[in-house]
Amino acid sequence: MAVQLPPNRGPWLSSRVNTYHWTELKIYQNLPDVVFYVAGVLACFGQRNLIATMPDTLDVLTGSCVQIPCSFDIPDKQKNKFKSTILTSGVWIKEDPYFVERLDKVIFNSSETDNNYQGNITGNMSQKNCTTVFFNVTTSYTNKYYFRIESQPFRATDIGKSVNIVVRDLPSSPIITVSGEVKEGTPVSLNCSAVAPCPEHPPELTWTLPTQFTTENQLQENPDQTKSVLSTATFTPSYHHHEKNITCTAVYPVGTSNKTAEHNMMLNVSFSPKDTSASISPAGPVLVDSCVNLTCSSTANPPVTNFTWFQISGGKPIQVASGQSYSLNVTVGDGGLYYCEARNSHGCGKSKEVQLAIKGQEEPVNPKVFEIVGKTLGLLFLFSLIVFFAWRRTSRLPSGFDMTDRSQGQNSPVWTVCSNQARVRSGNQEPPHINLDGLYANGN
């Protein structure tokens, strides 16, 4: 399609208010549709005078702020027209980059003091950093936005790139990820990530876990230059934690209040067989030629892949069968102790021994019973000896008498104390003699 411009109509209008520049074309006031078409065709062929880099989408909370990571570059053929030493303004356009007749779409211009959106370009424009922050975001901010620079003599908008801002009343849920397998007895780390659209007021992350843990939080930059908070919880799981819920909660400060979002996840802990037990049916003594069933049960993750049965014979275990259930027609030699083992990829679990008793046979007694009975009888015998000797010692002294020290000299007075009387010898008087049977030697 050939475009013929009216002759002698004077210079192309170039004021910032009613003129827009694409691919070095100045818009003629009376031919906006033609210029729009030409710009679209050139953009389709990748000929862009400005190349802006920014995220595709940003999720924002009402009442909070939003930071738009932004940088730009100038194509080689236009680099000589951009002077970094000259003051460059940044312009944000809402919804439609073709704003020649819709100046209300310009919501922010860094060269102006009065803008529709309250914000700042925090990046250094001379270093091609156009990072911008908008404050007090409302739901009306939900839209796509284009970036434009204005300098002398270079002006351009990247019509091929926009950022979509989505404003929500509630924050999006954080994301929980697991680094590696959650295995019993092995320390594991859980990561929780929450977006931080307003890095000045990042969310606070907390954990709820069924055991003790340590945490580490940090503000990190994502590949698209947006920010997020990462919290890492480290703990050592056990099989008791299998299928237990864990929660990561993100609390966003917005003004004088908080907005909360959380993510719940069920733990999947791998562990070797636990609580392994064996049972016999029927449980009581059975007749020869009758049928009995032995069953093994166990808890494991992943599930048990192999059950093995053993019989104690001659004090040693002998493998007799495989499988969770073991059925047999009882013979005379089948009586005795049995146990089972359960195994998965993480290890093995062993059950306690169970007794298969046969009617008419003397049931073998566990040797541990003899050991316990012997120790008990020994303790009782030792206690009886202690009591006997204590009784003998007390029974040798007569009731009601105290004996004085016999180590005194011959002329020393001897005191004999009785319950009902007291006698004192003085001089050469013969001392009374104490009979061990409780009688006085001098006829007293």
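This report describes the disulfides, one antiparallel sheet and one buried valine of a predicted model.

## Disulfide inventory

The whole structure contains 4 disulfides. With bonded cysteines counted along the chain, their connectivity is 1-5, 2-3, 4-6, 7-8.

## Cys 65 and Cys 198

The sulfur atoms of Cys 65 and Cys 198 lie 1.8 Å apart in a disulfide. This pair links distant parts of the chain, 133 residues apart: Cys 65 is in the loop between β4 (57-61) and β5 (66-68), and Cys 198 is in the loop between β15 (188-195) and β16. The torsion about the S-S bond is about 95 degrees, so the disulfide is right-handed. Cys 65 is buried, at 6% relative accessible area, and Cys 198 is buried at 2%.

## Cys 192 and Cys 248

Cys 192 and Cys 248 form a disulfide with a sulfur separation of 1.9 Å. Cys 192 belongs to strand β15 and Cys 248 to strand β19, so the bond ties together parts 56 residues apart in sequence. The link is left-handed, with -90 degrees about the S-S bond. Cys 192 counts as buried at 0% relative accessibility, and Cys 248 is likewise buried at 0%.

## The sheet containing β19

Strand β19 also takes part in an open sheet of 3 strands, ordered β16-β19-β20, with antiparallel pairing. The edge strands, β16 (204-208) and β20 (257-266), each pair on one side only. From one strand to the next, the twist averages 20 degrees.

Strand β19 covers residues 245-254 and is joined to β16 by 5 bridges. In one of the pairings, Thr 208 has Thr 247 of β19 as its bridge partner.

## Strand β22: Cys 296 and Val 292

A disulfide with an S to S distance of 2.1 Å joins Cys 296 to Cys 340. Cys 296 lies in strand β22 and Cys 340 in strand β26 (residues 336-344), so the pair ties together parts 44 residues apart in sequence. This disulfide is right-handed because its S-S torsion is about 70 degrees. Cys 296 is buried at 0% relative accessible area, and Cys 340 is buried at 0%.

Val 292 also lies in strand β22 (residues 291-301) and is buried, with a relative accessible area of 0%. Its contacts beyond four places in sequence include Pro 282, Val 286, Leu 328, Val 330 and Leu 356. Tyr 326 is another of these contacts; its C-alpha atom is 8.4 Å from that of Val 292, although the two residues are 34 residues apart along the chain.

## Partly exposed cysteines

Cys 291 is partly exposed, at 46% relative accessible area. Cys 348 is in no disulfide, and the nearest cysteine sulfur, that of Cys 340, is 9.3 Å away. At 32% relative accessibility, Cys 348 is partly exposed.

Technical notes:
Residues numbered from 1 in each chain as written. Predicted model: local features only at pLDDT ≥ 70, side-chain atom pairs only at ≥ 80, totals over all residues. Heavy atoms only, no water. Pairing = 2+ DSSP bridges. Helix = DSSP H or I, 4+ residues; strand = E, 2+ residues; numbered from the N terminus. Axes fitted to C-alpha atoms, helices over the stretch in contact; angles between N-to-C directions. Buried < 20%, exposed > 50% of the residue type's maximum accessible area, 1.4 Å probe, protein only. Contact = heavy atoms within 4.5 Å. Disulfide = S-S within 2.5 Å.
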